[in-house]
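Visitor: I would like to learn how to read a protein model with a ligand in it. Where do we start?

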Amino acid sequence: MGVEVSVEGLTKSFGSQRIWQDVTLTLPAGEVSALLGPSGTGKSVFLKSLIGLLRPEEGSIVIDGTDILQCSSKELYEIRKLFGVLFQDGALFGSMNLYDNVAFPLREHTKKTESEIRQIVMSKLELVGLLGAEDKLPGEISGGMRKRAGLARALVLDPEIILVDEPDSGLDPVRTTYISQTLIDINAEIDATILIVSHNINLARTVPDNIGMLFRRQLVMFGPREVLLTSDEPVVKQFLNGTMIGPIGMSEEKDEATMAHEQALVDAGHHAGGVDDIEGIVPQMQATPGMPERQAVARRQERVRSILHTLPPAARSAILEDMDSQRRTTAFTGSDAPTELIPVVLR
Ligand SMILES: Nc1ncnc2c1ncn2[C@@H]1O[C@H](COP(=O)(O)OP(=O)(O)OP(=O)(O)O)[C@@H](O)[C@H]1O
């Protein structure tokens with residue numbers, strides 16, 4: 001199973017520019033979490049900090065018992081081996097075909113034979129749906145395929161933590177759903193801790209077990225998906241519905257006067273953009289039939305049950321409703337379930 005990542009009081013600046021401050025959150029072991037936020041709020045900076053590519057000036061990042069901000073460079077090197085990272089553009093070598101790109105970390109960091117490498121590379125290419133494309137160069141395939149290849153490469157060293165930076169960037173909604181399904185399937189197959197950085201609303205609503213959001217240099221919230229998806233926070237609602245009405249502006253946050261002016265325009269009939277409010281919580285994606293069961297589901301249920309009393313009422317009732325419907329599904333598909341379904345005749 002993947003390891004827990006525990007971040008406390010993390011603050012990062014570049015010179016006098018504060019990116020975010022006092023960020024505290026725990027990525028539960030083996031669960032899928034997502035970090036959302038408008039462009040430029042420092043999501044990628046956060047992701048790079050987790051793997052030690054950037055160094056926050058305050059706070060701690062404890063991974064597998066080691067604070068990577070305090071440890072030696074040798075320890076950091078060891079901790080980094082736990083990670084698989086998918087960068088935005090897949091970060092593939094343009095002159096190597098997909099097979100060699102995916103094989104690269106194995107040739108670089110292990111003493112495996114070419115036949116062992118072949119077995120691993122082909123199984124990861126199959127997992128991301130790229131079998132048959134091994135001979136292609138990155139320049140000959142679509143952006144979605146490049147991301148899949150990047151994901152396959154991130155998986156070959158059996159990572160316990162997978163960081164994914166904007167898996168949807170440059171992809172159409174359908175390809176985004178396919179890559180979302182792949183991420184859920186990967187979690188089912190290897191039970192790794194996954195953090196996805198994204199501003200894709202569909203992905204946020206359907207993929208993660210836990211969601212956090214960065215805004216105005218703060219972590220607005222982080223917790224079980226139901227907390228953010230039922231939140232009344234204006235910035236969260238605006239983000240989830242993609243409208244222009246709310247605190248998020250074109251390039252940065254808005255002031256009160258701008259917000260009042262825009263609200264007046266909408267009250268006068270101007271369309272605020274975005275989609276209509278989606279009532280309730282969209283069901284979370286499940287692993288593709290035939291994949292192993294996601295171990296994270298049961299673990300998360302236990303964990304969430306233990307913190308239920310600390311959650312806002314709307315989130316609490318959404319969680320209880322979900323647990324109830326899962327119980328009913330399990331009861332129906334359990335050993336007492338009818339073995340034959342009565343066919344429905346459509347006329
Ligand atoms: N190495 C760096 N040196 C100086 N400033 C940086 C560096 N890396 C990022 N920044 C700044 O940090 C801020 C946050 O950038 P980041 O890329 O993390 O945002 P983001 O939330 O991932 O945005 P997007 O969703 O558009 O990718 C930006 O203002 C960026 O210019």
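**Reading the ligand site, the cores and a buried threonine**

Guide: Start with a polar contact. An oxygen atom of the ligand sits 2.9 Å from a polar backbone atom of Val-45. Keep in mind that this is a predicted model.

Visitor: How much of the ligand's accessible area does the protein cover?

Guide: The ligand on its own has 650 Å² of accessible area, and the protein covers 61% of that.

Visitor: What other polar contacts does the ligand make?

Guide: Look for N or O pairs within 3.5 Å. A polar backbone atom of Thr-41 is 3.1 Å from an oxygen atom of the ligand. A side chain takes part too: an N or O atom of His-199 lies 3.1 Å from a ligand oxygen.

Visitor: How many residues surround the ligand, and which are the closest?

Guide: The shell has 14 residues. Gly-40, Lys-43, Ser-44, Val-45 and Glu-166 are the closest. By type, eight are polar, four nonpolar and two charged.

Visitor: Which elements supply at least two residues of that shell?

Guide: Strand S2 (17–27) and helix H1 (43–50) each do. H1 gives the largest share, three residues.

Visitor: Now the interior. What is the general idea behind a nonpolar core?

Guide: In soluble globular proteins, nonpolar side chains tend to be buried together. Here the largest nonpolar core has 36 residues, and Val-121 and Ile-196 have the most contacts inside it.

Visitor: Which elements give two or more residues to this core?

Guide: The helices are H3 (98–109), H4 (114–127), H5 (143–155) and H6 (173–190). The strands are S7 (161–165) and S8 (193–197). H4 gives the most, with six residues.

Visitor: What does Ile-196 touch, leaving out residues up to four places away in sequence?

Guide: Its partners include the run Val-32, Ser-33, Ala-34 and Leu-35. Ile-196 also touches Val-164, Pro-167, Leu-183, Leu-203 and Val-207.

Visitor: What about a second core?

Guide: A separate core of 31 residues exists, and Val-5, Leu-50, Ile-63 and Leu-76 are among its members.

Visitor: How do I read one helix, say H3? Which of its residues are buried?

Guide: Use under 20% relative accessible area as the cut-off for buried. In H3, that picks out Leu-98, Tyr-99, Asn-101, Val-102, Ala-103, Pro-105 and Leu-106. These buried residues pack against H4 and H5.

Visitor: What caps the N-terminal end of H3?

Guide: Asn-97 does. One of its side-chain oxygens lies 3.2 Å from the backbone nitrogen of Tyr-99.

Visitor: Take a single residue, Thr-11. Is it buried or exposed?

Guide: First place it: Thr-11 is in strand S1 (residues 5–14). Its relative accessible area is 4%, so Thr-11 is buried.

Visitor: What does Thr-11 touch beyond four places away in sequence?

Guide: Arg-18, Trp-20, Gln-21, Asp-22, Pro-56, Glu-57 and Glu-58. For scale, compare Asp-135. Thr-11 and Asp-135 are 124 residues apart in sequence, and their C-alpha atoms are 44 Å apart.

Visitor: Last, the whole protein. How many helices and strands does it have?

Guide: There are 12 helices and 10 strands. The protein has 347 residues, and 46% of them count as buried.

Visitor: What share of the contacts is long-range in sequence?

Guide: Take contacts between residues at least 6 apart in sequence. Of these, 67% join residues at least 24 apart.

Visitor: And what makes up the accessible surface?

Guide: The total is about 18100 Å². Carbon and sulfur atoms account for 52% of that surface.

Key:
Residues numbered from 1 in each chain as written. Predicted model: local features only at pLDDT ≥ 70, side-chain atom pairs only at ≥ 80, totals over all residues. Heavy atoms only, no water. Near = heavy atom within 4 Å. Polar contact = N/O pair within 3.5 Å; in protein donor to acceptor, adjacent residues only side chain to side chain. Areas by Shrake-Rupley, 256 points an atom, 1.4 Å probe, with all protein chains shown as cover. Helix = DSSP H or I, 4+ residues; strand = E, 2+ residues; numbered from the N terminus. Nonpolar A, V, L, I, M, F, W, Y, C, P; charged D, E, K, R; others polar. Core = buried A, V, L, I, M, F, W, Y, C linked by side-chain atoms within 4.5 Å. Buried < 20%, exposed > 50% of the residue type's maximum accessible area, 1.4 Å probe, protein only. Contact = heavy atoms within 4.5 Å.
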